[in-house]
Amino acid sequence: MAVPPTDRTAGTGTRHRLGLVLGGGGVAGVAWLTGVLCGLSDAGVDLTAADLLVGTSAGATVAAQLAGGLDPDELYRRQVDTDGAAELTPSIPLARLWEQMAPIYAGATDASDRRRKLGALALSADTVAEPRRRRVIEARLGGIDWVSDRLRVVVVEATSGDRRVLDASDGVDLVDAVTASCAVPGVWPPVTMAGSRYIDGGVWSVANADLAAGCDRVLVLAPLVDPAVHDDIARLATDARVELVAPDDASVTAFGADVLDPASRGPSARAGRAQGRLEAARVAALVSG
């Protein structure tokens, strides 16, 4: 297995027409992103052929599914028909996880220190075993691999807190890459790749939209939004047309109190599909622009 690179920007050497950035947000985020994409498709806006796909955490799952050519309507059906779905219920509720993370955010000297402390939390947490968690992501991806060079999956090295941006050239198994990108500290185990341990790409940024630099147009679908998302969009907008779709009130309600709870999937997917239809005109103007 090749050692992942330290970082890369998506725009280096290549100008992409349309970049699609999919951010993190737990299993509710996976469902909402899937629903939004299907709702846009219902209204005639097809994003499956985006020139660049940047996926972080939940977004890494959906970006990989799109890059692998999985049928969006079938993916939506999986979210709303959850009988027998291969998802795990976290052993720690989200509220308790925030209690563990709060001192880290309050006491960190800077962003790098915060990431290293979150990495330490991840490495010390009592979670399910790596293979068991990996099987969940493997089921989500349904046997696909890196079938194109347009996919970027964001992970964070647990000890250093450094960002790694993985693509087809890195020699990393796609299931491992996505499992790492979805490894929420304190909830899921860090993933071992090339002798190092990797955790959720959202530890760096919930969307990592800066990686769409070099695109003429960028659509950011972000189940969760923080100031970094807006900062990245402002920088991208100096050289590109950018639109952000974040959850509307109905979608936020559908997420419920815990975006990691598998029970949030059906409501989140339905709300996302409804929102996708509502956002279709704005997104179509960006895509066709």
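These legends accompany close-up views of a predicted model.

**Figure 1. Overall fold of the predicted protein.**
The secondary structure comes to ten helices and eight strands. Along the principal axes, the C-alpha atoms fill a box of roughly 45 × 45 × 35 Å. The radius of gyration is 17 Å, which agrees with the value near 19 Å for a compact globule of 289 residues. Of those 289 residues, 55% count as buried. Take the contacts between residues at least 6 apart in sequence: 78% of these join residues at least 24 apart.

**Figure 2. Helix α3 against helix α10.**
Helix α3 covers residues 72-80, and helix α10 covers residues 265-288. Their axes lie 7 Å apart and form an angle of about 140 degrees. That makes α3 oblique to α10, because an angle counts as roughly antiparallel when it is over 145 degrees. From α3, the contact uses D73, Y76, R78, Q79 and V80. From α10, the partners are R265, G266, A269, R270 and R273. By class, the contact holds five charged, three nonpolar and two polar residues.

**Figure 3. D81, in the loop after α3.**
D81 sits in the loop between α3 and α4 (94-107). Its relative accessible area is 38%, so D81 is partly exposed. How far apart are D81 and R265 in sequence and in space? The two residues are 184 residues apart in sequence, and 9.2 Å separates them C-alpha to C-alpha. R265 also belongs to the α10 side of the contact in Figure 2.

**Figure 4. The buried face of helix α8.**
Helix α8 spans residues 227-236. Which residues of α8 are buried? They are V229, D232, I233 and L236. Seen down the helix axis, these buried residues fall within an arc of 100 degrees, so they line one face of α8. An α-helix has 3.6 residues a turn, so residues three or four places apart point the same way. The buried residues pack against two strands, β7 (215-221) and β8 (241-245). P227 and R235 are exposed, on the face turned away from the buried side.

**Figure 5. V36 in helix α1.**
V36 is part of helix α1, which runs over residues 26-42. Its relative accessibility is 1%, so V36 counts as buried. Leaving aside neighbours within four places in sequence, V36 is in contact with L221, G272, R273 and G276. Of these, R273 also takes part in the contact of α10 with α3. V36 and W204 are 168 residues apart in sequence, and their C-alpha atoms are 24 Å apart.

**Figure 6. A194, a positive phi between two strands.**
A194 is not a glycine, yet its phi is positive, at about 50 degrees. The residue lies in the loop between β5 (191-193) and β6 (196-200). Is A194 buried or partly exposed? At 32% relative accessibility, A194 counts as partly exposed.

**Figure 7. N208, a positive phi between β6 and β7.**
Phi of N208 is near 55 degrees, again a positive value in a residue other than glycine. N208 is placed in the loop between β6 and β7. Its relative accessibility is 0%, so N208 counts as buried. Strand β7 also packs against the buried residues of α8, shown in Figure 4.

**Figure 8. P262, in the loop before α10.**
P262 is found in the loop between α9 (249-255) and α10. Its relative accessible area is 16%, so P262 is buried; the cut-off is under 20%. What does P262 touch, not counting residues up to four places away in sequence? The residues are V27, E87, L88, T89 and P90. P262 and V153 are 109 residues apart along the chain, with 23 Å between their C-alpha atoms.

Notes:
Residues numbered from 1 in each chain as written. Predicted model: local features only at pLDDT ≥ 70, side-chain atom pairs only at ≥ 80, totals over all residues. Heavy atoms only, no water. Axes fitted to C-alpha atoms, helices over the stretch in contact; angles between N-to-C directions. Parallel < 35°, antiparallel > 145°, perpendicular 65-115°, else oblique. Contact = heavy atoms within 4.5 Å. Nonpolar A, V, L, I, M, F, W, Y, C, P; charged D, E, K, R; others polar. Buried < 20%, exposed > 50% of the residue type's maximum accessible area, 1.4 Å probe, protein only. Arc of directions from axis to C-beta. Rg over C-alpha atoms; globule rule 2.2 N^0.38 Å.
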